Amino acid sequence: METAIAQTKTKMWAGGRSPFNVSYGKMMMWFFLMSDSFTFGAFLISYGSIRFSLNHWVDHNYVFNEFPFTEAHLPLAFVSLMTFILIFSSVTMVLAVHDGHKMNQKGVEKWLFLTILGGLAFLGCQAYEWTGLITGQHEVLVNGVIEHWGTTVSHNPWGPMVMHNGHLVATPGPVAFGGYFFGITGFHGFHVFTGVIVNLVMLIKTKRGDFAKRGHYEMIEKAGLYWHFVDLVWVFVFLCFYLI
Amino acid sequence: MSAEITTHLPVTEADAAHVKRIWKAFWVLLILTIIELALGLTIYYIEMNPDYSNLLVLMIKGVICILTLAKAFYIISIFMHLGDEVRQFILTLALPATLFIWFITAFIADGASFRNLRNTDAGSRIYVQPKEFHNVPLEAPAEKKEKKLD
């Protein structure tokens, strides 16, 4: 038993092969994603730390209840749509990688194209969300005067409600909210944007037959890893900002 | 060469099973997300009652976090194919990731400590939580278009 294990060990680490049966490029992509996950983790955990350090934070059910093309107030609805778009684009990416294994160029092109569309749709939704927040007009009581504020990195109109002249009105909320929300979703959106660019380059290379000539579609797999990471980060951003 | 490219249907049985596994993972993710949203809306309605139980809301949030971890596991294992890799390679990623457990616990505890110090003036007085307005009606659409009244 021991000799068998010792033999396998020397075979794995004896050189001339990848001990993990994985290519250098793929392994390095995984290690990069590890480092990026710590970056995002640091941002989100610092957000949690500051949020827990304050008595009052914004109520996400009131901040995020707009839905495009309607006047309805639906908490969580729009962001659910965004999550669905990103998960769906993740599935199309897996199917692209799968078709790459089968050397099916047309299949890869089709699924990559759908993934890019999903990414662009997500970016459009995020842009709508940002615009709604920044240009919004929310009543705020500041020094006894009612002003109308949008949500920005310096202004937060979602503070504790007080009675003023017979009706409830908001007071300025913690200013950290804007910085954290726009910073983290912006950093994530930047990752989605670069992911879309990478996928676009992959689509062009696929159409030109670069991978067919190379004999393998591993580049698509690496791009796929990055795209799934982007989806994974969104799952946690969605959790921290919209759910809990 | 061209014969390989024109194939669109799954070639082998293992291939079809693999595609099925991918779509199954998609449905699992979708259902987990819908459950999370339902729980999120449940919290929203619970908080409408001014005397809501903080512990209940905290428990539901805990369940939501666990569901999110399950989603993360599905995405990493099946979509990113990490589940199909060599065990030692998976460990080179999973073991450093356990640092997150300390990371999250330490900094949330830090934040709670900041709040406590701020509320009690560094422990010099007792903190009494002020009464807050919880059941606030949602802003009606018409209000947004109104010009300044006050």
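**Figure 1. Around A:Phe238 in the predicted model.** Setting aside neighbours within four places in sequence, A:Phe238 is in contact with A:Val79, A:Thr83 and A:Leu243. Keep in mind while looking around that this model is predicted.

**Figure 2. The largest nonpolar core, which draws on chains A and B.** This core holds 70 residues, and A:Ala96 and A:Phe238 touch the most other members. From chain A, at least two residues each come from α2, α4 (77-101), α5 (105-134), β1 (138-142), α6 and α8, while α2 (13-46) and α3 (54-79) of chain B do likewise. Which helix gives the most to this core? It is α8(A), with 17 residues. As background, nonpolar side chains tend to be buried together in soluble globular proteins.

**Figure 3. Helix α2 of chain A and its packing partners.** Follow this helix from residue 24 to residue 52: its 29 residues reach 41 Å from first C-alpha to last, close to the 42 Å expected at 1.5 Å a residue. The buried residues to look for are A:Met29, A:Trp30, A:Leu33, A:Leu44, A:Ile45, A:Tyr47 and A:Arg51. Within chain A, they pack against α6 (176-208) and α8 (218-243). Chain B joins in too, through α4 (87-97) and α5 (99-119).

**Figure 4. Helix α3 of chain B and what covers its buried residues.** The end C-alpha atoms of α3(B) are 37 Å apart, which agrees with the 38 Å that its 26 residues should span at 1.5 Å a residue. Buried here are B:Ile64, B:Thr68, B:Lys71, B:Ile75, B:Ile76, B:Ile78 and B:Phe79. Their cover includes α4 and α8 of chain A, together with α2 of chain B. Just past the helix, have a look at the backbone of B:His81: this residue follows α3(B) and has a positive phi, near 60°.

**Figure 5. Where chain B touches chain A.** Each chain brings 53 residues to the contact. On the chain B side, α1 (2-5), α2, α3, α4, α5 and α6 (141-145) each supply at least two residues. Which of the chain B helices gives the most to this side? That is α2(B), with 13 residues. By residue type, the side of chain B that touches chain A divides into 32 nonpolar, nine polar and twelve charged residues.

**Figure 6. A:His101 and A:His216, far along the chain but brought together in space.** These two histidines are 115 residues apart in sequence, yet their C-alpha atoms are 7.3 Å apart. You will find A:His101 in helix α4 of chain A. Is A:His101 buried or partly exposed? With 15 other C-beta atoms within 10 Å, A:His101 counts as partly exposed.

**Figure 7. Chain A as the setting for the close-ups.** Chain A has eight helices and four strands, and along the sequence they run α-α-α-α-α-β-β-β-β-α-α-α. The radius of gyration of chain A is 23 Å, well over the 18 Å that the globule rule gives for 244 residues, so chain A is more spread out than a compact globule. Along the principal axes, its C-alpha atoms fill a box of roughly 80 × 45 × 25 Å. Buried residues make up 39% of the 244 residues in chain A. Of the contacts in chain A between residues at least 6 apart in sequence, 64% join residues at least 24 apart.

Methods
Residues numbered from 1 in each chain as written. Chains lettered and ligands numbered in written order. Expected span 1.5 Å × (residues − 1). Buried ≥ 20, exposed ≤ 12 C-beta atoms within 10 Å, placed from the backbone. Contact = placed C-beta atoms within 7 Å. Core = buried A, V, L, I, M, F, W, Y, C linked by C-beta atoms within 7 Å. Nonpolar A, V, L, I, M, F, W, Y, C, P; charged D, E, K, R; others polar. Rg over C-alpha atoms; globule rule 2.2 N^0.38 Å.
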